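Here are some notes on the structure you sent. They are numbered so that you can reply point by point.

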Amino acid sequence: KAVVSTQSTGIIHKTAGTDDKKLQTTLKKLQCNNIPGIEEVNIIKDDSTVIHFTNPKVQATVGANTFAISGNAEHKSITDLFPGILNQLVGMSSSLPSKSKPVVDDDEVPALVEDFDEASKTEAV
């Protein structure tokens, strides 16, 4: 992949390797660390298309809230990837906290002593 820049003196060709070196230098300044073991990354866009990376190189600096994902990307429809994403979410559901209703013991709830409707009528007068 080549980036071409035109200047008044002529055409200068830059390789993607030059851009990669600049990016790696910047990530090094941010103290990004490699995150191993990530098999895929899906970035879902507003138009319901997905940028899908298989076996990407992922680097992150949590303190700077910066993540860099590099590798071969494919643009896919969310419907193509949805069954796999759904299976992953179902697999994770056992580790998620359940949304069961909290148990309320009647002994902990104080009994209603006053009639608030009557009290509001007497305060308005």
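1. Five bridges join strand 6 to strand 7, and the two strands run antiparallel. This comes from a predicted model, and the points below should be read with that in mind. Two of the facing positions can be named: Ala60 stands opposite Phe67 in strand 7, and Lys57 stands opposite Ser70 in strand 7.

2. The connection between these strands is a hairpin, with four residues between strand 6 and strand 7. Asn65 sits in the turn and has a positive phi of about 50°. Val62 belongs to the loop between strand 6 and strand 7, the latter covering 66-70.

3. How are the strands ordered in the open sheet? Three strands form it in the order 3-6-7, and the pairing is antiparallel. Strand 3 (33-34) and strand 7 stand at the edges with a single partner strand each, so one side of each has no neighbour in the sheet. As general background, strands of a sheet pair through backbone hydrogen bonds, in either a parallel or an antiparallel manner.

4. Is Thr61 buried or exposed? Thr61 is part of strand 6, which spans residues 57-61. Its relative accessible area is 12%, and the cut-off for buried is under 20%, so Thr61 counts as buried.

5. What does Thr61 touch, leaving aside residues up to four places away in sequence? The contacts are Leu30, Gln31, Cys32 and Thr66. With Cys32 there is also a polar contact: the side chain of Thr61 reaches the backbone nitrogen of Cys32 at 3.2 Å.

6. Val62, the residue in the loop after strand 6, is exposed, with a relative accessible area of 68%. Which residues make the nonpolar surface patch of about 310 Å²? Val62 contributes to this patch together with Ile35 and Phe67. Phe67 is also the residue of strand 7 that stands opposite Ala60.

7. A separate point concerns Asp80, which is found in helix 2 (residues 78-92). Asp80 has a relative accessible area of 56%. Since the cut-off for exposed is over 50%, Asp80 is classed as exposed. Its C-alpha atom is separated by 9.6 Å from that of Thr49, a residue 31 positions away along the chain.

Definitions and conventions. Residues numbered from 1 in each chain as written. Predicted model: local features only at pLDDT ≥ 70, side-chain atom pairs only at ≥ 80, totals over all residues. Heavy atoms only, no water. Buried < 20%, exposed > 50% of the residue type's maximum accessible area, 1.4 Å probe, protein only. Polar contact = N/O pair within 3.5 Å; in protein donor to acceptor, adjacent residues only side chain to side chain. Contact = heavy atoms within 4.5 Å. Patch = residues over 30% accessible without salt bridge, like charges linked within 9 Å, V, L, I, M, F, W, Y side chains within 5 Å. Areas by Shrake-Rupley, 256 points an atom, 1.4 Å probe, with all protein chains shown as cover. Salt bridge = Lys/Arg side-chain N within 4 Å of Asp/Glu carboxyl O. Pairing = 2+ DSSP bridges.
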